[in-house]
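Student: Before we begin, could you show me the model that we are going to discuss?

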Amino acid sequence: MTKALRLFACSGAFMTVLMLAWPGTAGATEIYANGGRYFSAYGPGQYWHYDWGEGYCGKYGAWCSPRHFQWTYNNPYGNYPVNHARWSIQPVGYYSQAYAFIPRRNATTRNAPYTVSYGYVSTNTSYVDQYVYYDQWVPLAWGQRLYRISSVALNDLTFESGWRRIAFDEIKIEN
């Protein structure tokens with residue numbers, strides 16, 4: 001089985017794509033960077049913070065950019081998210097698994113709501129305790145292989161009291 005690694009990242013309008021082998025289907029891995037072309041962040045800019053030299057691209061992926069991750073505080077008092085983001089996925093195959101990279105800093109929420117959209121109409125939300133991870137890939141959607149993943153979303157509505165930090169870093173899709 002041929003393995004492939006495609007990385008989607010950009011800094012401004014420049015896009016970096018690295019392909020080690022392109023099989024078209026089986027064995028492919030894609031990594032989508034926060035701040036990349038396939039990433040959209042929403043909400044007031046003053047609530048977004050950036051941790052340079054940290055996160056997956058900042059510490060481990062010298063070939064990818066941007067070389068930071070971003071974070072925001074949770075919204076303990078609202079019914080709707082203030083800051084949220086979406087990674088738009090280019091499907092690697094029919095059944096894939098989604099992972100989020102949790103950086104070692106500024107990831108203190110115990111209830112980060114990652115929603116994986118798949119199969120054209122379905123979603124699966126898993127709540128990740130970012131506080132217990134230290135520079136690790138964490139499976140989303142309870143580790144299930146999902147049909148045609150199209151996006152991953154994360155928001156600041158964690159239903160926690162106090163001010164917790166939510167890290168938005170790379171998303172990995174494996175098939």
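Tutor: We can start from one residue, leaving aside its neighbours within four places in sequence: Trp87 is in contact (heavy atoms within 4.5 Å) with residues including Tyr32, Phe39, Val152, Phe168 and Ile171. This is a predicted model, in which local features need pLDDT of at least 70 and side-chain atom pairs count only at pLDDT 80 or more, while totals for chains, interfaces and linings use all residues. Residues are numbered from 1 along each chain as its sequence is written, and side-chain values use heavy atoms, with hydrogens and water left out.

Student: Which residues touch the most other members of the largest nonpolar core?

Tutor: A nonpolar core is a set of buried (under 20% relative accessible area, 1.4 Å probe, protein chains only) Ala, Val, Leu, Ile, Met, Phe, Trp, Tyr and Cys residues joined through side-chain atoms within 4.5 Å. The largest such core holds 32 residues, and those touching the most other members are Trp87, Tyr114, Leu140 and Ile171.

Student: Which strand gives the largest share of this core?

Tutor: Strands here are DSSP runs (E, at least two residues), numbered from the N terminus. Among the elements that give two or more residues to this core are strand S7 (84–88) and strand S9 (112–118). The largest share, four residues, comes from S9.

Student: Which are the edge strands of the open sheet?

Tutor: Five strands form this sheet in the order S4-S7-S13-S9-S10, with antiparallel pairing, where two strands pair if DSSP finds at least two bridges between them. Pairing on one side only, the edge strands are S4 (39–42) and S10 (122–128).

Conventions. Buried < 20%, exposed > 50% of the residue type's maximum accessible area, 1.4 Å probe, protein only.
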